[in-house]
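Hello,

Here is the two-chain model I promised to pass on to you. Have a look at it first, and then read on for what turned up.

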Amino acid sequence: MEDLTTRMTKVRNRRSVKGQMRVVESIMASLIVISAVTFLYSFAATPSSQAQDTSELEKIGHNLLHDIDEQGLLARYVYNSEWANITAALVVSLPTNVYFNLSIYDVNHRSIGHPLIQYGDQQIFNSSPAVASVTYIVTGYGMSYNPRILVLKLVNG
Amino acid sequence: MARNRKGQFIIIAAMLLSIMIVSVSTVIYGTVTYYRQERWEEYVTIVDSIKAASCNLLQVGLANYTQTENPNATRDYFNRWIRDVRNAYPAFGINVGYALANRAYSAYEISSINYNLGLARSWGQLTSYSASNATVSIDVASVGLTGYNFSSHVFLKMNIRDAIWYTKSSKRYVSIYLSVDKEGPAPVLNLQASNFPDVKLGGVSQVFSVKRYYSSEYSNFIYEIKISWDGPLAPSSAEVTLLDNRGIKTVSYTDSVLQNSD
């Protein structure tokens, strides 16, 4: 009888130890997985959103001016002083939450004296932390060489 | 012993799982963010802008040459452009070089386009053309970019496919069918009557109308110039002057105006 009791106690103790080991192993395994995920997370720092915004806007602005130029419209708008048309072309081509200001200079960076070409309130440009600026050159129109420097400023609204 | 092996297995499985998570995540993260994190360097837009402007310069030079017959137009413009581009981007150390085409090239179904100072033209024939060709190099010292070369060309070709005269309701008409192509090659589809400043029959300027359509007969987009003709029975020749929207001019001519047999 005593023998049986002793044997049962030993079995119980063995099971108890086995269960504890399972718990310890599970905790260790969890710790390893959590460490891996934490390690990854520490490296997954996203780039500064402000720099990202500016970079994206620069791409958009440059591609937009390039596309309008490719269609042969940019030089026509600039040299024929079609300011309303250039404003409309930029407004319809840019995303709705992007505002712009376009300045046009001669090759010596003197303003050519055009009216304000802008979409969006001036306050947006003053208060925005990130303003993207794109410089684009048009060399001439028709048979006249007369370079113009276009500076397009873009902000997210 | 058996228990120990089981415990090791769980630990090893967890470690393998962790390694897999790290590896897969690294690859996915790198793929997703490769272009997103890449800095849109300012010089990329500058080089692209200079490239587009140089191509535009060829157009302006060719327009000047075809309208004023100034053979030095493109060379003069490039010389000014080299100086002006430094003023436009003063802090970048930009240096633009150019080499104008000065020999014969075969292109656009024309066996020999003879360039001189980057310019060429052949007018007064069934197929007439105006062309410009240059190789441009860009150096941007501030970012160590040197020897960026590209070739650029501008081309305009007009081909009189047919010129016929016919009688309809006791009135005589002349129709000139022509196709217009530019570099690419690509058909030019945005021409209006104002792009044809002069249409002559037998050397006399005419009033005309223009329409464009796709012709399965010619397998091309065709401009049909229609003239109400009250001269001699058959006009001796037809001449069409084209000035495209870039200001480039070309003149096609035929001395074969045939009667429509229909």
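**Chain A in outline**

Of the 157 residues in chain A, 25% count as buried. Please keep in mind throughout that this is a predicted model. Chain A has five helices and four strands, and along the sequence they follow the order α-α-α-α-β-β-α-β-β. Among the contacts in chain A that link residues at least 6 apart in sequence, 64% are between residues at least 24 apart.

Chain A is split into domain 1, covering 1-45, and domain 2, covering 49-156. The C-alpha centres of these two domains of chain A are 66 Å apart.

**Where the two chains meet**

Chain A brings 35 residues to the contact and chain B brings 36. On the chain A side, α1 (2-43), α2 (49-70), β3 (132-141) and β4 (144-156) each provide at least two residues. The largest share of that side is the eleven residues from α1(A). Sorted by class, the side of chain A that touches chain B consists of 20 nonpolar, ten polar and five charged residues.

One residue to look at on the chain B side is B:Ser18, which sits in helix α1 (residues 2-37) of chain B. Is B:Ser18 buried or exposed? B:Ser18 has 20 C-beta neighbours inside 10 Å, so this residue counts as buried. Leaving aside residues up to four places away in sequence, B:Ser18 touches A:Ile32, A:Val33 and A:Ala36.

**The nonpolar cores**

Which residues have the most contacts inside the largest nonpolar core? They are A:Leu150, A:Leu152 and B:Val96, in a core of 62 residues. Helix α2 (residues 42-68) of chain B contributes the most to this core, with eleven residues. A second core, separate from that one, has 22 residues, including B:Ala163, B:Trp165, B:Ile176 and B:Val199.

It is worth putting B:Val96 at the centre of your view. Not counting residues up to four places away in sequence, B:Val96 touches B:Ile50, B:Trp81, B:Ile82, B:Val85, B:Val136 and B:Ile138.

Helix α3 (residues 73-88) of chain B also deserves a moment. At 1.5 Å a residue, its 16 residues should span 22 Å, and the end C-alpha atoms are 21 Å apart, which agrees. The buried residues of α3(B) are B:Ala73, B:Thr74, B:Tyr77, B:Phe78, B:Trp81, B:Asp84, B:Val85 and B:Ala88. B:Trp81 and B:Val85 in that list also appear among the residues that B:Val96 touches.

**Strand β5 of chain B and its partners**

Strand β5 (residues 127-140) of chain B is mostly covered, with ten of its 14 residues buried. Its pairings are as follows:

- Strand β1 (residues 94-100) of chain B runs antiparallel to β5(B), and seven bridges join them. Here B:Asn95 stands opposite B:Asp139 of β5(B).
- Strand β4 (residues 119-122) of chain B is also antiparallel to β5(B), through four bridges. B:Ala120 faces B:Ala131 of β5(B) as its opposite residue. The hairpin of β4(B) and β5(B) has four residues between the strands, and B:Gly124 takes a positive phi near 75 degrees.
- Strand β6 (residues 145-168) of chain B pairs with β5(B) in the antiparallel sense over 13 bridges. B:Thr135 has B:Ser151 in β6(B) as its bridge partner. These two strands form a hairpin with four residues between them, where B:Gly144 in the turn has a positive phi of about 70 degrees.

**The domains of chain B**

Chain B is divided into domain 1 (42-153) and domain 2 (158-259), and the C-alpha centres of these domains lie 31 Å apart. Their contact takes 15 residues from domain 1 of chain B and 14 residues from domain 2 of chain B.

On the domain 1 side, α2 and β5 of chain B each supply at least two residues. The largest share there, five residues, belongs to α2(B), the helix that also gives the most to the largest nonpolar core. By class, the side of domain 1 of chain B that touches domain 2 of chain B has six nonpolar, nine polar and no charged residues.

Happy to go through any of this with you.

Best wishes

Definitions and conventions. Residues are numbered from 1 along each chain as its sequence is written. Chains are lettered from A and ligands numbered from 1 in the order in which they are written. This is a predicted model: local features need pLDDT of at least 70, side-chain atom pairs count only at pLDDT 80 or more; totals for chains, interfaces and linings use all residues. Domain bounds come from an automatic or database domain assignment. A nonpolar core is a set of buried Ala, Val, Leu, Ile, Met, Phe, Trp, Tyr and Cys residues joined through C-beta atoms within 7 Å. A residue is buried if 20 or more other C-beta atoms lie within 10 Å of its own, exposed if 12 or fewer, and partly exposed in between; C-beta atoms are placed from the backbone. Two residues are in contact if their C-beta atoms, placed from the backbone, lie within 7 Å. The expected span of a helix is 1.5 Å times one less than its number of residues. Ala, Val, Leu, Ile, Met, Phe, Trp, Tyr, Cys and Pro count as nonpolar, Asp, Glu, Lys and Arg as charged, and the others, Gly among them, as polar. Two strands pair if DSSP finds at least two bridges between them.
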